[in-house]
Each structure stands twice: as structure tokens, then as C-alpha cells.
Amino acid sequence: AANEVEVAVRSAADPSAAIASRCTPGEPGADATCVAAMEVLTSALGAEAANAALRFQAHGGVFLDGGHRQARGAAGRRQRTARRVPGQGPVRRCPLYLVTREGDELALDGAWECARRAFQPVPR
């Protein structure tokens, strides 16, 4: 079975999607190696989100974007783990958001909103 998964991942047009589709424990087709790979990835993302929250004093929250639908459940589970980092009280109070909007327009929407706010007339 492990060899079948490796062949499927290596031959997939999008290897990360092939891994993500097999990364939820208890789901049909779940693979222990893919689950472990997703745990490593989401642990690293959670740690970096905590670092960003501290570095930028992100009281309004940290937003994680990108990835596949299948990875969102694993990332959601890791959000809780990221908040339990010892000695990082401010991180526990900082919201961690997982952006679930699909498509390439998200960055353009964000840039447009920043420009709209920057060039909004100042009331006198």
C-alpha cells in the first residue's frame, strides 16, 4: 500500500494535493506517511504563526492562506496545538484564522482593500 501511495504522489500533476487527500486519520485512503507529513507541515505553520504573532504584535490575528481543502481539517487541529506553546501567553490571546477562500483573486482583493483605505478622503 505504501508503494501505491508513493507512485500516486510521484505521478500526480499536483503531488501536494495527492498527499493532502490522504492526510486525515480515519478517512478512507488515509496513509500513515501522508498523515505524518501533514502533521509536520501544520506544526511548522503553527509555530511560524505564533512567531509572527509575537514579532508583529498581531493583536487582530494572524491569517494563514493557501493549501488544499483536505489540509484544512489538519490545520484546524494544529491551531489548538499552536496556542499551547509554553511561555507565549500573548499568542494564546491572538486569533489564528485559516483563510478558506478558493482562487487567485484573494491577493488582489486584499491589495484593492488596502488601496481603498489608503486613498479614502480624510473627513475634515
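What is the mean pLDDT of the protein chain, and what percentage of its residues reach 70 or more? The mean is 75, and 73% of the residues reach 70 or more. The model is predicted, and its confidence varies along the chain: among the elements, helix α1 (residues 2-11) has the highest mean pLDDT, 87, whereas helix α4 (residues 69-82) has the lowest, 52. Where pLDDT is low, the predicted coordinates should not be read in detail.

**Overall architecture**

The protein chain contains six helices and two strands. Their order along the sequence is α-α-α-β-α-α-β-α. Of the 124 residues in the chain, 26% are buried. Among contacts between residues at least 6 apart in sequence, 59% join residues at least 24 apart.

**Helix α3**

Helix α3 covers residues 32-55, which is 24 residues. At 1.5 Å a residue, the helix should span 34 Å, and its end C-alpha atoms are indeed 34 Å apart, so the expected and modelled values agree. At the start of the helix, a side-chain oxygen of D31 comes to within 3.1 Å of the backbone nitrogen of T33. Just after the helix, Q57 adopts a positive phi of about 50°.

The buried residues of α3 are C34, V35, M38, T42, G46, A49, A50, A52 and A53. Two other residues of the chain, E48 and R55, are joined through their side chains in a salt bridge, with an N to O distance of 3.6 Å. E48 counts as partly exposed because its relative accessibility is 40%, which lies between the limits of 20% for buried and 50% for exposed. R55 is likewise partly exposed, because its value is 49%.

**The nonpolar core**

Which residues form the largest nonpolar core? It has seven residues: A49, A53, A58, V62, L64, C94 and L96. The elements that contribute two or more residues to this core are α3 and β1 (62-64). V62 illustrates how the core residues meet: leaving aside residues up to four places away in sequence, V62 touches A49, A53, C94, P95, L96 and Y97.

**Salt bridges**

Side chains of opposite charge can pair when their charged atoms come close. A search of the whole structure finds four salt bridges. Three of them are listed here.

| Salt bridge | N to O distance |
|---|---|
| E48 and R55 | 3.6 Å |
| R116 and E113 | 2.5 Å |
| R117 and E113 | 2.9 Å |

Why can E113 be linked to two arginines in helix α6 (residues 105-118)? R116 and E113 are three residues apart in this helix, so about one helical turn separates them. R117 and E113 are four residues apart in the helix, and therefore they too are separated by about one helical turn. Salt bridges that share partners join E113, R116 and R117 into one network.

The members of this network can also be described by their accessibility. E113 counts as partly exposed because its relative accessibility is 26%. R116, with a relative accessible area of 39%, is also partly exposed. R117 has a relative accessibility of 58% and so counts as exposed, as this value is over 50%.

Technical notes. Residues numbered from 1 in each chain as written. Predicted model: local features only at pLDDT ≥ 70, side-chain atom pairs only at ≥ 80, totals over all residues. Heavy atoms only, no water. Expected span 1.5 Å × (residues − 1). Buried < 20%, exposed > 50% of the residue type's maximum accessible area, 1.4 Å probe, protein only. Polar contact = N/O pair within 3.5 Å; in protein donor to acceptor, adjacent residues only side chain to side chain. pLDDT = per-residue confidence, 0-100. Core = buried A, V, L, I, M, F, W, Y, C linked by side-chain atoms within 4.5 Å. Contact = heavy atoms within 4.5 Å.
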